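Reader: I would like to go through the labels given to parts of this structure and ask what each one rests on.

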Amino acid sequence: MATFLGGKSLAPGAKGGFVRVRKRDLDKLTTEVMQLREFLPRVLNGDLIEMLHKARAANTMKENFTQEQEQLRQECLHLQSRLDAVQTECQKEREEKLLLREQLWQSGAELQQQADFCSGLGSAACGLLWSCSSSEHTVTAWLADGKLQSFLIVAAQTLESFVRSLDEEVKMEDHNSQEHQFVLAVAGTITNIAAVTSGRDFLSSSAHVLLDTLMKLLELMKPGVFPKLKVLMLMALYNVSISVKGLKYISENPGLLPLIWTLLDDGDWEVCLHSLRLLQSVLLEEEVLLLLGSSLLDPDLQARIGRLTSSVQPSLRLAAQQTLEDLQALQQVPQSQCSPSKT
């Protein structure tokens, strides 16, 4: 069978593998080949160059990512190292804190033991002083020794520290506590010193800080709180007021009458009684009456005293009646003799 190509037949058995093609077809084929030779490199080279650029950019990005990854890994290792160091230090500080807390607890326990010991010692020592101070000879000997001033300074500081602590923490009155007995003994000793003529003269002239402290503390203490301590401080002020010099100094304090007014409503009958006794001592001195002026005629003061005249306590009722009579006769100087108080 014959084969047709380009319109020509190719005889079977043709030799040499030659094919006859039309010149027109050959020219067309030649033109197409030349066109391919001309345009194909351009297309291939542009794509290739673009691919090469992309490959190069991708390689650069890969290198950058690799470097950043390595940098991040180094930073992570550095942070991990710092974290380990901080955790080690934190653990060390935690152990030191626990140790310090244990030491603090032990120190606190030891300090409390020492405080209890000192409180017990102070209570016992001041109890002895309180007992000894009831003797006039002992007080005279103390004055001659010249060391009474230092005791009065410490006593004022002790009383002030105790009274001010009442506002910082709630304290139940325990009359058997060493601290309470300690401050009572301090106040009682001061009262007995003031009961001796030489003692109150010394307090009137050389213990103004103590006298001011007593009045200030009586003002700070709330009604009904530690009445026995209030009574001892009022007795000390009353004993000092028996001295004209002492009475004048106490009366010059602008807080004296407001203090007495407040204490008259304290609620404890002994506090009220000794407040009245202090007021009676003020009413005995004509010079003091001139100093206080019309403040003694305040209706509120007389009203408070008038309420006490109906007290069930005979001594308080009698003192209130006498004080009212004194207020009604301010122009007269009573001749009754004041006697010192001892505890």
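Author: The turns below take the labels one at a time.

Author: The model is predicted. The chain has 13 helices and two strands, and 32% of its 343 residues count as buried.

Reader: What makes F162 and F226 an aromatic pair, and which kind is it?

Author: Ring centres have to lie within 6.5 Å, and planes over 60 degrees apart count as edge-to-face. For F162 and F226 the centres are 5.2 Å apart and the planes make 80 degrees, so the pair meets the distance limit and is edge-to-face. By this rule the count comes to one aromatic pair.

Reader: Why is the pair of F162 and F226 said to tie parts of the chain together?

Author: F162 belongs to helix 3, while F226 is in the loop between helix 6 (208-220) and helix 7 (227-241); the pair therefore joins parts 64 residues apart in sequence.

Reader: How do you know whether F162 and F226 are buried or exposed?

Author: Buried means under 20% relative accessible area. F162 has 5%, so F162 is buried. F226 has 4%, so F226 is buried too. Phi of F226 is near 45 degrees, a positive value in a residue other than glycine.

Reader: What about S165 in helix 3, buried or exposed?

Author: The relative accessible area of S165 is 12%, which is under 20%, so S165 is buried. A polar atom of the S165 side chain lies 2.6 Å from the backbone oxygen of F162. The limit for a polar contact is 3.5 Å, and the 2.6 Å between S165 and F162 is within that limit.

Reader: Which residues have the most contacts inside the largest nonpolar core?

Author: That core has 67 residues, and L152, L159, L229 and I305 have the most contacts inside it. For L159, leaving aside neighbours within four places in sequence, the contacts are V183, V186, A187, I190, L214, L217 and L229.

Reader: How do you know that the length of helix 10 agrees with its number of residues?

Author: Helix 10 (residues 269-283) has 15 residues, and at 1.5 Å a residue the expected span is 21 Å. The C-alpha atoms at its ends are 21 Å apart, so the two values agree.

Reader: Why is helix 10 called mostly covered?

Author: Twelve of the 15 residues of helix 10 are buried. Among them are V271, C272, L273 and H274.

Reader: What is found at the start of helix 10?

Author: There a side-chain oxygen of D268 comes within 3.1 Å of the backbone nitrogen of E270. D268 also has a partner in space: its C-alpha atom is 6.6 Å from that of P227, although the two residues are 41 apart along the chain. P227 is in helix 7 and, with a relative accessible area of 15%, is buried.

Reader: What makes the charged end of R277 count as sitting over the ring of Y238?

Author: The distance limit is 6 Å from the ring centre. The charged end of R277 is 4.3 Å from the centre of the Y238 ring, and it sits over that ring.

Reader: How many of the contacts between residues at least 6 apart in sequence join residues at least 24 apart?

Author: In this chain 71% of them do.

How values were computed. Residues numbered from 1 in each chain as written. Predicted model: local features only at pLDDT ≥ 70, side-chain atom pairs only at ≥ 80, totals over all residues. Heavy atoms only, no water. Buried < 20%, exposed > 50% of the residue type's maximum accessible area, 1.4 Å probe, protein only. Polar contact = N/O pair within 3.5 Å; in protein donor to acceptor, adjacent residues only side chain to side chain. Core = buried A, V, L, I, M, F, W, Y, C linked by side-chain atoms within 4.5 Å. Contact = heavy atoms within 4.5 Å. Helix = DSSP H or I, 4+ residues; strand = E, 2+ residues; numbered from the N terminus. Expected span 1.5 Å × (residues − 1). Phe/Tyr/Trp six-rings, centres within 6.5 Å; stacked < 30°, edge-to-face > 60°. Lys NZ or Arg CZ within 6 Å of the ring centre and 35° of its normal.
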